[in-house]
Amino acid sequence: MPTYIALLRAVNLGGYGKLPMADFRKLLEGLGFKNVQTYIQSGNAVFDAPGPATAPGSAAKVGAAIAAGLEKLMGAPVEVILRTHDELTRLIAANPFAKEAAADGARVHVGFLAGHASAAAGPALQAIADKYPARRDRYHLAGNHIYFHFPDGAGETKFSGRTLDRAVGVPATARNWNTVLKLHEMSKR
């Protein structure tokens, strides 16, 4: 039974997309997922899905089922991005900002992408950095995720929301390093 980490985009942010985590857990359990746990209020869950992880399209089917359930529950579409424990293990090991993360995990984030970034993503991300040099934000694009270091904090970054989606060509949602490590720990089975 594969274990997945679900990362929801834009729930419980500034009064937008209100989703009590108890309702999210109930939805996941109602879809037949086991050992469901949520973490903080920003739409993170760890759960076991029935069936082999190697079945064709299994992650896509799991994500689609969750997205459909959330749309019915919330009355609007919610982007669902899935990762496995092994994917988080590789992501953690490859962090180009590991030194910065060790010093302050709240200033290092990972942008989880709904797919691989477009070919134009590199120049588009650099254009954002160049447009706001006073921010000192740094990034490293790595396939279906982006590492960020926000030395001045994430609150004012321009690497967010629709600007980030347009730059990479797919929807994204970000979590700080502390949350990434906690979800990794929770998904150990």
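Here is a walk through a predicted model, from one strand to some aromatic rings and then to the empty spaces.

Let's start with strand S1, which covers residues 3-8. Is S1 enclosed or open to the outside? Six of its six residues are buried, so S1 is largely enclosed by the rest of the structure. Now look at where the side chains go. In a regular strand, they alternate between the two faces of the sheet. In S1, Thr3, Ile5 and Leu7 point one way, while Tyr4, Ala6 and Leu8 point the other way, and all are buried.

Which strands does S1 pair with? One is S3, which runs antiparallel to S1 and is paired with it over five bridges. Another is strand S4 (residues 80-84), also antiparallel to S1 and joined to it by five bridges. Leucine 7 is a handy residue to click on here. Opposite leucine 7 you'll find asparagine 44 in S3, and also isoleucine 81 in S4.

Next, the aromatic rings. A pair of rings is described by the distance of the centres and the angle of the planes. How many aromatic pairs does the structure hold? There are five. One of them is made by tyrosine 4 and phenylalanine 47: the ring centres are 6.0 Å apart and the planes sit at 40°, so this pair counts as tilted. It ties together distant parts of the chain, since tyrosine 4 belongs to strand S1 and phenylalanine 47 to strand S3 (residues 44-48), 43 residues apart. Both tyrosine 4 and phenylalanine 47 are buried.

Tyrosine 139 and phenylalanine 159 make a pair too: with centres 5.7 Å apart and planes at 50°, these rings are tilted, because the angle falls between the cut-offs of 30 and 60 degrees. Here again the pair links distant parts of the chain, 20 residues apart: tyrosine 139 lies in strand S6 (residues 138-141), and phenylalanine 159 in the loop between strand S7 (145-149) and helix H6 (161-168). Why does phenylalanine 159 count as buried? Its relative accessibility is 5%, and buried means under 20%. Zoom out a little and you'll see that Tyr139 and Phe159 form one aromatic cluster together with Phe148 and Phe150.

Right beside phenylalanine 159 in the sequence is lysine 158, and its charged end sits over the ring of tyrosine 132, 5.2 Å from the ring's centre.

Now for the gaps. Rolling a probe the size of a water molecule over the atoms shows where empty space is left. A search of the whole structure turns up one cavity of 30 Å³ or more, and the largest cavity has a volume of about 30 Å³. Some familiar names turn up in its lining: Tyr132 and Phe159 are there, along with Ile128, Ala129, Arg135 and Asp137. By class, that lining has four nonpolar, no polar and two charged residues.

The second largest pocket holds about 240 Å³ of space. Of the 16 residues that line this pocket, Ala59, Leu82, Arg83, Glu87 and Asn144 are the closest to its centre. Two elements, H2 and S4, each give two or more residues to the lining. Which element gives the most? That's S4, with five residues. The lining of this second largest pocket divides into eight nonpolar, five polar and three charged residues.

Let's finish in helix H2 (residues 58-74), where you'll find alanine 64. At 45% relative accessibility, alanine 64 counts as partly exposed.

Definitions and conventions. Residues numbered from 1 in each chain as written. Predicted model: local features only at pLDDT ≥ 70, side-chain atom pairs only at ≥ 80, totals over all residues. Heavy atoms only, no water. Phe/Tyr/Trp six-rings, centres within 6.5 Å; stacked < 30°, edge-to-face > 60°. Helix = DSSP H or I, 4+ residues; strand = E, 2+ residues; numbered from the N terminus. Buried < 20%, exposed > 50% of the residue type's maximum accessible area, 1.4 Å probe, protein only. Lys NZ or Arg CZ within 6 Å of the ring centre and 35° of its normal. Pairing = 2+ DSSP bridges. 1 Å grid on protein atoms, 1.4 Å probe; cavity = no way out; pocket = protein on both sides within 12 Å on 5 of 7 lines; lining within 4 Å. Points joined across faces, edges and corners; volume = space filled by probe spheres on them. Nonpolar A, V, L, I, M, F, W, Y, C, P; charged D, E, K, R; others polar.
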